[in-house]
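Visitor: I have a fold on my screen and would like to learn how to read it. Where do we start?

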Amino acid sequence: MADEVTATFEDTADHSQELRRDGVNGYRGRRWYLTDTTIVDEAVCALGLPSHGDAWSDAFPDLRVISLQPSNPDPYYHVAVDYETPQRQGGGAPLPTPGLLYTEYRFDQTSDRIAYDLAGRAFPDGQEPTVETFLPRADVVHHRDTPLPLAQLLGVFDAFFPGQGEPEQVTRAVVNASPLVLPRRLGDPDTARTETIGAGKALLVGITSRDEAGVFIARFSFKLSQDWRYPVRAEGPDGQPVTGVALAEIYPEADLSGLWP
């Protein structure tokens, strides 16, 4: 039986490792390995080489292997291992990796009709203007080695729909009842950095999960706002309209802790 081909990490003048920053959050890197074979087919599969999708280090969890290229036989093959982040690759998603946890942020531009001006004065019916708005959104993405537990998700919703256990009846979005800790931003090398969203400011609008090569990628989608209560005409004790605006609660609150680690 032939000996197994192996590869050893090298960091020499001719084959030194490189780490570069491209753009705001994008990185790319290269490491070299020396094999003990003169056959290219064996070199690319040598024991000791990183695998496609492996991370550069704990400090750069999103910087992952994208290619392995044998070259420069002298007489043994060297293998260049290239790493890139999704931001460097044009915004693609990270490769499926159990345990990976991060948050994606964006601003959605929308147009909405408003019922009140900044002073709280109501516009006449039918004359409400349309204004341009920007809605911040956050998606928490968790790569799991098991599917999302359906019982856990339904238990969250059952908390504020008592007596309505059918999933099709759970249709209303919910707001966080307590401060919500969002994981690090995608591309941030500091895995311990988090963002805390105050109670009542994060509206859970979607939960999805997909299976990619045995890794279950869960996505929790939020809309963020200073207040998810809806402005309505204020009423006096007699039920008649009075000057001013009242805030009506239209979304139930939920304990959203425990949806991700």
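Guide: With an open sheet. This is a predicted model. Strands of a sheet pair through backbone hydrogen bonds, either parallel or antiparallel. Here 6 strands line up as β7-β8-β13-β12-β9-β16, with mixed pairing.

Visitor: Which are the edge strands?

Guide: β7 (101-113) and β16 (253-254), each of which pairs on one side only.

Visitor: In which sense do β9 and β16 pair, parallel or antiparallel?

Guide: Parallel, over 2 bridges; β9 covers residues 174-176. To place the register, find a bridge: N176 has A254 of β16 as its partner.

Visitor: Now the packing. Which residues touch the most other members of the largest nonpolar core?

Guide: L180, F220, F222, L256 and W260, in a core of 19 residues. Then ask which elements supply it. β8 (130-144), β10 (180-182), β12 (202-212) and β13 each give two or more residues. β13 gives the largest share, 4 residues.

Visitor: Is there another core elsewhere?

Guide: Yes, a separate one of 15 residues, including L63, V65, Y77 and V79.

Visitor: Back to F222. What is F222 in contact with?

Guide: Set aside neighbours within four places in sequence. The contacts then include L180, L256 and W260, along with R137, A138, D139 and V140. A202, L203, L204 and V205 are contacts of F222 too.

Visitor: And S221, which lies in β13: why does S221 count as buried?

Guide: Compare its accessibility with the cut-off. Buried means under 20% relative accessible area. S221 has 13% relative accessibility, so it counts as buried. Next, look for a polar partner. The side chains of S221 and D139 make a polar contact of 3.3 Å. S221 also touches R137, A138, L203, L204, V205 and G206, among residues beyond four places away in sequence.

Visitor: Take β6 next. How many of its residues are buried?

Guide: 7 of 7, across residues 78-84. Check each face in turn. H78, A80, D82 and E84 are buried on one side, and V79, V81 and Y83 on the other.

Visitor: How many bridges join β3 to β6?

Guide: 7, and the two strands run antiparallel; β3 spans residues 26-35. One pair to find is R30 with D82 of β6.

Visitor: And how many bridges are there between β5 and β6?

Guide: Again the count is 7, in the antiparallel sense, with β5 at residues 60-71. S71 stands opposite H78.

Visitor: What sits between β5 and β6?

Guide: A hairpin connection of 6 residues. Check the backbone there: N72 takes a positive phi near 55 degrees.

Terms used. Residues numbered from 1 in each chain as written. Predicted model: local features only at pLDDT ≥ 70, side-chain atom pairs only at ≥ 80, totals over all residues. Heavy atoms only, no water. Buried < 20%, exposed > 50% of the residue type's maximum accessible area, 1.4 Å probe, protein only. Pairing = 2+ DSSP bridges. Polar contact = N/O pair within 3.5 Å; in protein donor to acceptor, adjacent residues only side chain to side chain. Contact = heavy atoms within 4.5 Å. Core = buried A, V, L, I, M, F, W, Y, C linked by side-chain atoms within 4.5 Å.
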